[in-house]
Amino acid sequence: YAETDADLYAQIRNADYHFLSPAWDKISADARDFISRCFHLIPQKRITAAEALKHKWISTIDQPRVPLPEALDELKRTQCKRKLTKAIDAVIAMNRLERYEQLMSEET
């Protein structure tokens, strides 16, 4: 999670991520390990495709999974928050443009 897209992209580039509660509470340790290995910052240390297929979380995929309604709800809230933030930014930009146009027309 990040407040801005720029901050989020910086976190992605730096592999700066955390398994935050409560969204990740019901995610298995094996799943988190798999994700961590896939997103390792140093490419040579990332899990290979062959290793990924042998990873415990992938190799036990046939086992029943716990539904994750909390995770889906959190994803929906995050998406809504981003849309709202972009809409607010657009309104702010339009207001600034209107003020600039007013100032320019007053000067002429």
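Me: Buried means under 20% relative accessible area, exposed means over 50%, and partly exposed covers what lies in between. On that scale, why is Asp-33 called partly exposed?

Reply: This is a predicted model. In it Asp-33 has a relative accessible area of 28%. The value is between 20% and 50%, so Asp-33 counts as partly exposed.

Me: What makes Asp-33 and Arg-37 a salt bridge?

Reply: Their side chains meet with N to O at 2.8 Å. The cut-off is 4 Å, so the pair qualifies. Both residues are in helix H2, and because they are four residues apart there, about one helical turn separates them. Arg-37, at 42% relative accessible area, is partly exposed.

Me: How do you know that Glu-74 forms a salt bridge with Arg-77?

Reply: The closest N and O atoms of Glu-74 and Arg-77 are 2.7 Å apart, and the limit is 4 Å. This pair is in helix H5, where a spacing of three residues puts about one helical turn between the partners. Glu-74 has a relative accessible area of 31%, so it is partly exposed.

Me: Why is the contact of Lys-56 and Asp-30 counted as a salt bridge?

Reply: The N to O distance is 3.7 Å, and the rule asks for a distance within 4 Å, so the contact is counted. By this rule the count comes to four salt bridges.

Me: What makes Lys-56 and Asp-30 a link between distant parts of the chain?

Reply: Lys-56 belongs to helix H4 and Asp-30 to helix H2, with their positions 26 residues apart. The partners also fall in separate accessibility classes: Lys-56, at 52%, is exposed, whereas Asp-30, at 27%, is partly exposed.

Me: Why is the pair of Tyr-17 and Phe-39 called edge-to-face?

Reply: The ring centres are 6.1 Å apart, so the rings pair under the 6.5 Å limit. The planes stand at 80 degrees, and because an angle over 60 counts as edge-to-face, that is the class of this pair. Tyr-17 lies in the loop between helix H1 (5–13) and helix H2 (29–38), and Phe-39 in the loop between H2 and helix H3 (49–54), so the pair ties together parts 22 residues apart in sequence. Tyr-17 is partly exposed at 30%.

Me: What makes the pair of Phe-34 and Trp-57 tilted?

Reply: Centre to centre, Phe-34 and Trp-57 are 5.4 Å apart, and their planes make an angle of 40 degrees. That angle is neither under 30 degrees nor over 60, so the pair falls in the remaining class, tilted. Phe-34 lies in helix H2 and Trp-57 in helix H4 (residues 56–59), so this contact ties together parts that are 23 residues apart in sequence. Phe-34 has 13% relative accessible area, which is under 20%, so it is buried. Trp-57, with 24%, is partly exposed.

Me: Which residues do ring pairs link into a cluster?

Reply: The cluster holds Tyr-17, Phe-19, Trp-24 and Phe-39. A search of the whole structure finds four aromatic pairs.

Me: How many disulfides does a search of the whole structure find?

Reply: The search finds zero disulfides. As for the cysteines Cys-38 and Cys-80, the former is partly exposed at 28%, and the latter, at 52%, is exposed.

Me: What makes Leu-84, Ile-88 and Ile-92 a nonpolar patch?

Reply: These residues form the patch on the surface, with about 260 Å² of accessible area together. A patch member needs over 30% relative accessible area; Ile-92 has 36%, so it passes that test, and it counts as partly exposed. Ile-92 is placed in helix H5 (residues 69–107).

Me: How do you know that the chain is more spread out than a compact globule?

Reply: Its radius of gyration is 21 Å, while the globule rule gives 13 Å for 108 residues; the value is well over the rule, so the chain is more spread out than a compact globule. The C-alpha atoms fill a box of roughly 70 × 35 × 20 Å along the principal axes. Buried residues make up 9% of the 108 residues. The chain has five helices and zero strands, giving the pattern α-α-α-α-α along the sequence.

Terms used
Residues numbered from 1 in each chain as written. Heavy atoms only, no water. Patch = residues over 30% accessible without salt bridge, like charges linked within 9 Å, V, L, I, M, F, W, Y side chains within 5 Å. Areas by Shrake-Rupley, 256 points an atom, 1.4 Å probe, with all protein chains shown as cover. Helix = DSSP H or I, 4+ residues; strand = E, 2+ residues; numbered from the N terminus. Buried < 20%, exposed > 50% of the residue type's maximum accessible area, 1.4 Å probe, protein only. Phe/Tyr/Trp six-rings, centres within 6.5 Å; stacked < 30°, edge-to-face > 60°. Disulfide = S-S within 2.5 Å. Rg over C-alpha atoms; globule rule 2.2 N^0.38 Å.
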